[in-house]
Amino acid sequence: MGSLSYQERSLWGSLVAELVVYLPYFVLNLHRANSINKVAGTIFSIIVLQIILQSIIAAVTRHRMKDERDRLIQLRGYRAGYLTLASLMVLGLGMLWFHSSRGDFPIHAGFVGLHFLNVFFGMLVISDIVKTVTQIVAYRRAL
Amino acid sequence: MPGLRNTIRELRAERGMTQQELADAIGVTRQTVIAIELDKYSPSLETAFKIARVFGVALEQVFQYEGRRK
């Protein structure tokens, strides 16, 4: 970790937080009924864990600066994240149309609402992880 | 890979300057200096001029454009 810049350490911290919080959430809730409270709890957990990890990383890093290369890598990450989110949205809408046309969804407002909550939250999480991983790969490849 | 070659490592060695000292002088991280030295990253024009100014040489003595390489 000694040769890593502050930005890269921060990204590793984010990835650890994302995997620690999101992985159990999706594994445990894969075939169970989801709820607003579970999503809110997950978001709260990731915020708290991020604050703790980022504070530790900031405390142990001497040079906490951001330069032009960091900003370029950040942009690449956000581009990858956006493309992932847009692709998943198109895929999701396509699947919704497909299942709706076959009459697979039971017309039950609560069920459909929670289903969408889970799917869209999942899309956001996947996009966020893709963004973070893209940035880490760029740092590891020197760009 | 960018088609930009540079002599930063040699210029640094001549002056006994570390990567961290150069990074501090031009306002970037040491990792960015490493990436530039390895020709993995082409710096902005502003940073390129700053590097040349730190070494007290012309820009062409630090960076040479060799066209696009694979």
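**Close-up views of a predicted two-chain model**

**View 1. B:Asp39 counts as partly exposed, with 17 C-beta neighbours inside 10 Å.** The model is predicted. B:Asp39 sits in the loop that joins H3 to helix H4 (45-55) of chain B. Its phi is positive, at about 60°, although B:Asp39 is not a glycine. Most residues other than glycine have a negative phi. The count of 17 falls between the limits of 12 for exposed and 20 for buried, so B:Asp39 is placed in the class in between.

**View 2. Helices H2 and H3 of chain B cross at roughly 105°.** Two packed helices are described by the angle between their axes and the distance between the axes. Here the axes of H2(B) (residues 19-26) and H3(B) (residues 30-37) come within 8 Å. The crossing angle therefore makes H2(B) roughly perpendicular to H3(B). On the H2(B) side, the contact is made by B:Gln19, B:Gln20, B:Leu22 and B:Ala23. H3(B) brings B:Arg30, B:Thr32, B:Val33 and B:Ile34. By class, the residues of this contact are 4 nonpolar, 3 polar and 1 charged.

**View 3. B:Ala23 is a buried residue of helix H2 of chain B.** The position of B:Ala23 is in helix H2 of chain B. B:Ala23 counts as buried because 21 C-beta neighbours lie inside 10 Å. Neighbours within four places in sequence aside, B:Ala23 is in contact with B:Val28, B:Thr29, B:Arg30, B:Thr32 and B:Val33. B:Phe63 is 40 residues away from B:Ala23 in sequence. Their C-alpha atoms are 17 Å apart.

**View 4. The largest nonpolar core has 11 residues, named here from chain B.** Its members are B:Ile8, B:Leu22, B:Ala23, B:Ile26, B:Val28, B:Val33, B:Ala35, B:Ile36, B:Tyr41, B:Ile51 and B:Val62. H2 and H3 of chain B are the elements that give two or more residues to this core. One core member, B:Ile36, is in contact with B:Asn6, B:Ile8, B:Tyr41 and B:Pro43, leaving aside neighbours within four places in sequence. Of these partners, B:Ile8 and B:Tyr41 also belong to the core.

**View 5. B:Phe49 lies in helix H4 of chain B.** B:Phe49 has 14 C-beta neighbours inside 10 Å, so it counts as partly exposed. B:Phe49 and B:Phe63 are 14 residues apart in sequence. From C-alpha to C-alpha, the two are 9.9 Å apart in space. Among the elements of chain B, H4(B) has the highest mean pLDDT, 96. Strand E1 (residues 4-6) has the lowest, 89. The mean for chain B is 91, and 93% of its residues reach 70 or more.

**View 6. Chain B touches chain A through 11 residues.** These 11 residues are in contact with 8 residues of chain A. H3(B) supplies the largest share of the chain B side, 3 residues. That side divides into 4 nonpolar, 6 polar and 1 charged residues. The model scores ipTM 0.84 and pTM 0.84.

**View 7. Chain A has 4 helices and 0 strands.** Its elements run α-α-α-α from the N terminus on. Of its 143 residues, 18% are buried. Among contacts in chain A with a separation of 6 or more, 92% join residues 24 or more positions apart. Chain A averages a pLDDT of 87, and 90% of its residues score at least 70. Helix H3 (residues 68-102) of chain A has the highest mean among its elements, 92. Helix H4 (residues 109-140) of chain A has the lowest, 87.

**View 8. A:Val48 lies in helix H2 (residues 36-60) of chain A.** A:Val48 counts as exposed because it has 12 C-beta neighbours inside 10 Å. A:Phe98 is 50 residues from A:Val48 in sequence. In space, their C-alpha atoms are 39 Å apart.

**View 9. A:Val112 is placed in helix H4 of chain A.** With 13 other C-beta atoms within 10 Å, A:Val112 is partly exposed. A:Val112 and A:Ser55 are 57 residues apart in sequence. The C-alpha to C-alpha distance between them is 39 Å.

Note on methods
Residues are numbered from 1 along each chain as its sequence is written. Chains are lettered from A and ligands numbered from 1 in the order in which they are written. This is a predicted model: local features need pLDDT of at least 70, side-chain atom pairs count only at pLDDT 80 or more; totals for chains, interfaces and linings use all residues. Axes are lines fitted to C-alpha atoms, for helices over the stretch in contact, and angles run from 0 to 180 degrees between N-to-C directions. Angles under 35 degrees count as roughly parallel, over 145 as roughly antiparallel, 65 to 115 as roughly perpendicular and the rest as oblique. Two residues are in contact if their C-beta atoms, placed from the backbone, lie within 7 Å. Ala, Val, Leu, Ile, Met, Phe, Trp, Tyr, Cys and Pro count as nonpolar, Asp, Glu, Lys and Arg as charged, and the others, Gly among them, as polar. pLDDT is the predictor's confidence in each residue, from 0 to 100. A nonpolar core is a set of buried Ala, Val, Leu, Ile, Met, Phe, Trp, Tyr and Cys residues joined through C-beta atoms within 7 Å.
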